[in-house]
Amino acid sequence: TTYWLEALAMGFADRLHRPFLVELYGLDVPEERLRKAAEVAMAYADGVLIAYDRDDAKVLRIRQSVLG
């Protein structure tokens with residue numbers, strides 16, 4: 001579930017009133033779950049960083065899916 005991610009991202013968006021990024025920990029996270037988390041984060045943040053994932057192709061697929 002992405003409940004806490006959404007709650008935190010929404011809270012930061014409400015309080016900061018300036019651009020911010022969300023960093024997602026990507027090591028050993030299944031692609032579909034990481035993609036869903038990135039989509040949720042992008043609904044509130046100005047960008048998403050995926051850290052610690054060694055599979056560049058996976059990260060690029062997620063990027064294309066989220067950004068269109």
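## Fold and salt bridges of a 68-residue chain

Among contacts in the protein chain between residues at least 6 apart in sequence, those joining residues at least 24 apart make up 72%. Keep in mind while you look around that this is a predicted model.

Let us start with the overall layout. The protein chain holds 3 helices and 2 strands, and reading along the sequence gives the pattern α-β-α-β-α. The C-alpha trace spans about 35 × 20 × 20 Å along its principal axes. For 68 residues, a compact globule would have a radius of gyration near 11 Å, and the 12 Å of the protein chain agrees with that.

Next comes the surface. Of the 68 residues, 28% count as buried. The accessible surface of the protein chain is about 5000 Å², and carbon and sulfur atoms account for 54% of that area. As for charge, there are 9 positive and 11 negative side chains, with the centres of the two sets 2 Å apart.

Some of these charges pair up: the count comes to 4 salt bridges. Three pairs are worth a visit, and the table gives the N to O distance for each.

| Salt bridge | N to O distance |
|---|---|
| E31 and R61 | 2.8 Å |
| R35 and E32 | 2.1 Å |
| R35 and E39 | 2.2 Å |

The salt bridge between E31 and R61 runs between two helices. E31 belongs to helix 2 (residues 31-42) and R61 to helix 3 (residues 56-67), so this pair ties together parts that are 30 residues apart in sequence. E31 counts as partly exposed because its relative accessibility is 28%, and R61, at 41%, also counts as partly exposed.

The other two pairs in the table share R35. On one side, R35 meets E32 in a salt bridge; both residues lie in helix 2, 3 residues apart, which is about one turn of the helix. On the other side, R35 meets E39, and these two are separated by about one helical turn, being 4 residues apart in helix 2. Through salt bridges that share partners, E32, R35 and E39 are joined into one network.

Is R35, the residue with 18% relative accessibility, buried or exposed? Buried means under 20% relative accessible area, so at 18% R35 counts as buried. Its partner E39, by contrast, has a relative accessible area of 30% and is partly exposed.

Methods:
Residues numbered from 1 in each chain as written. Predicted model: local features only at pLDDT ≥ 70, side-chain atom pairs only at ≥ 80, totals over all residues. Heavy atoms only, no water. Rg over C-alpha atoms; globule rule 2.2 N^0.38 Å. Buried < 20%, exposed > 50% of the residue type's maximum accessible area, 1.4 Å probe, protein only. Contact = heavy atoms within 4.5 Å. Areas by Shrake-Rupley, 256 points an atom, 1.4 Å probe, with all protein chains shown as cover. Lys, Arg positive; Asp, Glu negative; His and termini not counted. Charge placed at Lys NZ, Arg CZ, Asp CG, Glu CD. Salt bridge = Lys/Arg side-chain N within 4 Å of Asp/Glu carboxyl O.
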